[in-house]
Amino acid sequence: MAATLEVRNLQTHFFTRAGVVKAVDGVSFTVGRGKVMGLVGESGSGKTVTGFSIIGLVDAPGRVVGGEILFHGQNLAKLSEEEMRQLRGNRIAMIFQDPMMTLNPVLRVDTQMIETVLAHTKVSKEEARQRCRDALGMVGIPSPDERLKSYPHQFSGGMRQRVAIAIALLHRPELIIADEPTTALDVTIQGQILAEVQKLAANTGTSLIWITHDLSVVAGLADDLAVMYAGKVVEDGPVSEVLDKPMHPYTHGLIGSVPSRNRRGEPLRQIPGMTPSLLKLPPGCAFHSRCDRATPECTAPVELLELIPGRHARCIHPHLEEVAA
Amino acid sequence: MSATTMEHTRRPGTEADQPIIELVGISKRFEKKLDFIGKLAQRLGAPVREEIVHAVDNVNLTIRHGEVVGLVGESGCGKSTLGRVVAGIMPPSDGQVLWRGRDIASLHGAEAKEAKLRAQMIFQDPMSSLNPRMKVQDIVGEAPQVHGMTTRSGFNDYVDEQLRRAGLDPALKKRYPHQFSGGQRQRIGIARALAVQPEFLVCDESVAALDVSIQAQILNLFMRLRSELNLTYLFISHDLSVVEHLSDRVVIMYLGRVVEQAPSEEIFARANHPYTVSLLSAVPRIEARKRAFTTVQGEIPSPLNPPPGCHFHPRCPHAMERCRVEVPALKEIAPGHLSACHLNG
Ligand SMILES: Nc1ncnc2c1ncn2[C@@H]1O[C@H](COP(=O)(O)OP(=O)(O)O)[C@@H](O)[C@H]1O
Ligand SMILES: Nc1ncnc2c1ncn2[C@@H]1O[C@H](COP(=O)(O)OP(=O)(O)O)[C@@H](O)[C@H]1O
Ligand code: SF4
Ligand code: SF4
Ligand SMILES: [Mg+2]
Ligand SMILES: [Mg+2]
């Protein structure tokens with residue numbers, strides 16, 4: 001079955017006065033139809049820039065400088081701004097951590113939702129209204145009609161995010177890129193939204209890229225996982241395999257430091273040091289200075305390789321003993 | 001699988017069993033002042049009033065020497081307010097804070113000053129609590145010097161020791177906060193708090209803004225300091241897995257009230273209160289695989305106008321008529337396990 005999206009060796013750089021920031025510099029992954037792909041990594045690892053690159057929202061001084069973004073086989077990196085605008089919000093939609101990136105504070109919710117429908121589709125106003133109702137119903141907003149007459153500031157944070165997700169759903173996109181949409185929400189509200197999203201992906205065949213720093217969120221939500229470090233995907237594969245038997249030392253360390261993976265009260269396993277600055281990355285593997293398996297060979301460039309079927313890692317001394325076991 | 005490393009500093013029959021801090025009937029109310037339009041409307045006879053937030057509502061809590069108590073709840077439930085009252089930086093509207101059995105409101109002069117130093121607070125965002133124009137050495141060393149814990153000649157050594165203990169290189173002490181990463185800034189905040197030799201730390205979401213790998217480093221530091229310095233903690237966090245890992249005892253708040261408290265293992269194995277149960281089931285777990293997320297319905301009500309009776313009743317799957325009118329009392333349902341729910345009779 002053909003993939004909805006295939007990203008191959010994406011490179012997005014920012015040409016700043018202080019130097020070239022290689023925010024994304026070797027990102028590859030595949031998202032199947034109706035699948036949820038979790039894109040995880042710590043802050044600054046390049047997750048948001050990856051999402052923006054796919055949907056064509058990278059602004060100067062940033063630019064996609066290499067790689068392919070194949071959406072149903074078509075390379076989005078080669079499309080014109082006008083062609084991208086046609087796709088955006090229509091066949092590909094994005095949800096942001098801050099729903100006010102999507103919502104217009106001075107428009108009533110019904111006005112902006114109906115306008116969004118009419119911008120891409122030729123339907124009557126009443127049909128547009130019905131579509132809005134359906135979309136709001138899908139994200140668990142029960143009596144949408146009265147809700148629709150409110151302004152965004154009259155909603156709670158959780159409700160605003162639901163409306164933003166409903167707007168993303170209006171055109172039944174084939175791909176949704178969700179950038180930490182539940183990070184700022186309380187855990188019971190996050191749970192409600194994750195439940196709705198899960199149903200959506202299962203029922204509509206929409207593919208999802210779920211960006212988060214929280215491994216626990218994608219553990220229960222995603223089919224596949226790609227782990228980023230310093231602008232590169234360092235490991236990917238089916239979610240249970242990556243979480244149960246991580247191959248890359250960074251993934252290994254990250255999972256090990258989650259409190260529930262440790263005995264209560266005992267020191268947490270920790271990764272020493274901190275993420276290097278993207279402006280002065282060490283040569284070779286960027287994880288080198290923090291890695292307990294590093295050898296002098298690791299200072300030469302390291303490729304992302306398929307080490308076992310369906311699983312890639314960017315490491316020359318991966319944890320294979322556990323995978324084989 | 002008991003928390004051996006966490007408890008080895010506690011010797012039975014010593015001061016370990018003594019309360020270090022007791023909260024008795026603590027409430028804190030904030031008045032939401034009317035804006036200009038509101039005041040005008042009121043003058044013209046419109047029925048608008050200043051609204052009152054019951055941020056903390058009649059909380060009783062005892063923390064014993066050497067304990068780590070985790071305080072959990074969703075945003076706006078009053079955790080930070082309670083933490084500030086405990087740390088002595090915000091007076092309660094009602095109730096008493098007893099420090100080793102003595103009401104801190106009754107202390108004066110040197111005693112009051114000393115009581116203030118005994119409890120220190122560490123915040124979520126170290127940047128907003130560190131003076132950006134002060135060098136690290138002054139951020140850490142100023143208060144101890146003022147309070148005579150170090151002399152002018154001993155200042156450098158004293159600051160170096162504080163920084164080293166918090167895992168910072170003393171060679172960096174002439175730098176300013178913005179020259180450090182988030183994790184290092186949190187270490188500066190910890191060094192500053194410990195420099196005045198407190199016995200009690202209130203950590204308010206102190207690792208919430210940090211990446212997982214850095215969070216683990218700081219949590220390990222908190223645990224090491226606890227045994228080295230015999231500290232007692234009130235550890236406030238919305239992250240249940242962090243609280244589970246660290247705490248001896250857990251306190252759950254909902255809309256200003258304590259709804260449940262119990263030893264850590266007990267609460268995670270046998271949660272009693274329906275709110276605690278739904279909170280625990282909503283927490284994403286790294287062990288979960290493609291699971292169906294099921295959660296509590298509805299939103300957290302406004303603290304300006306909390307539901308009568310049990311605050312949780314509009315969202316509770318077990319709510320009965322009684323829950324809508326009568327506030328459930330916090331009652332002991334098993335040794336050391338308290339819950340405020342009418343289902344317990
Ligand atoms: N407009 C920009 N100019 C310069 N650097 C940028 C810009 N936007 C992002 N970056 C850099 O790109 C890197 C990756 O950022 P981002 O994708 O936002 O990380 P994440 O979402 O994983 O936290 C960061 O180091 C950030 O500083
Ligand atoms: N200084 C203040 N003035 C007015 N209201 C406040 C103040 N501090 C807190 N509140 C209110 O008190 C309630 C509890 O807040 P807080 O203690 O910060 O909760 P938490 O830390 O659990 O998120 C909230 O409704 C908040 O808006
Ligand atoms: S390539 Fe070398 S330094 Fe990088 S993760 Fe693998 S072993 Fe560690
Ligand atoms: S008192 Fe009633 S509403 Fe409150 S938690 Fe118990 S059963 Fe639910
Ligand atoms: Mg981001
Ligand atoms: Mg708070």
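Two strands pair if DSSP finds at least two bridges between them. The exercises below apply to a predicted model.

**Exercise 1. Strand pairing at the start of chain A**

Task: Decide which strands of chain A pair with β1(A), and in which sense.

Solution:
- Step 1. Take β1(A), residues 5-16, and β4(A), residues 62-71. DSSP gives 8 bridges between them, over the threshold of at least two, so the strands count as paired. The sense is antiparallel.
- Step 2. Locate one bridge of this pair: E6(A) has L70(A) in β4(A) as its partner.
- Step 3. Turn to β2(A), residues 19-31, which is joined to β1(A) by 9 bridges, again antiparallel. Here L5(A) is opposite V31(A).
- Step 4. Check the connection: β1(A) runs into β2(A) through a hairpin of 2 residues.

**Exercise 2. The interface of chains A and B**

Task: Describe the extent of the interface and the residues on the chain A side.

Solution:
- Step 1. Count the residues in contact: 50 from chain A and 46 from chain B.
- Step 2. Give the area. The size of an interface is often given as the accessible area lost when the parts come together. For chains A and B the buried area is about 4,000 Å², with 54% from carbon and sulfur atoms.
- Step 3. Find the main contributors in chain A. V187(A), T188(A) and R264(A) provide 19% of the area that chain A buries against chain B, more than any other three residues.
- Step 4. List the polar links. There are 18 residue pairs in polar contact between the chains, both residues at pLDDT 80 or more, and 2 salt bridges.
- Step 5. Test one of the salt bridges. The N to O distance between the side chains of R261(A) and E287(B) is 3.9 Å; the cut-off is 4 Å, so the pair qualifies.
- Step 6. Assign the chain A side to elements. Those giving two or more residues are α6, α7, α8, α9 and α10 of chain A. The largest share, 9 residues, belongs to α7(A).
- Step 7. Sort this side by residue class: 22 nonpolar, 18 polar and 10 charged.

**Exercise 3. The surroundings of ligand 2**

Task: Which residues are around ligand 2, and which atoms of C77(B), K79(B) and S80(B) approach its oxygen atoms?

Solution:
- Step 1. Collect the residues around ligand 2: F30(B), V53(B), A55(B), E74(B), S75(B), G76(B), C77(B), G78(B), K79(B), S80(B), T81(B) and P303(B).
- Step 2. Look at the backbone. A polar backbone atom of C77(B) is 3.3 Å from a ligand oxygen.
- Step 3. Look at side chains. K79(B) places a polar side-chain atom 2.9 Å from an oxygen of ligand 2, and for an N or O atom in the side chain of S80(B) the distance to a ligand oxygen is 2.8 Å.

Terms used: Residues numbered from 1 in each chain as written. Chains lettered and ligands numbered in written order. Predicted model: local features only at pLDDT ≥ 70, side-chain atom pairs only at ≥ 80, totals over all residues. Heavy atoms only, no water. Contact = heavy atoms within 4.5 Å. Buried area = accessible area lost by both parts, 1.4 Å probe. Polar contact = N/O pair within 3.5 Å; in protein donor to acceptor, adjacent residues only side chain to side chain. Helix = DSSP H or I, 4+ residues; strand = E, 2+ residues; numbered from the N terminus. Nonpolar A, V, L, I, M, F, W, Y, C, P; charged D, E, K, R; others polar. Near = heavy atom within 4 Å.
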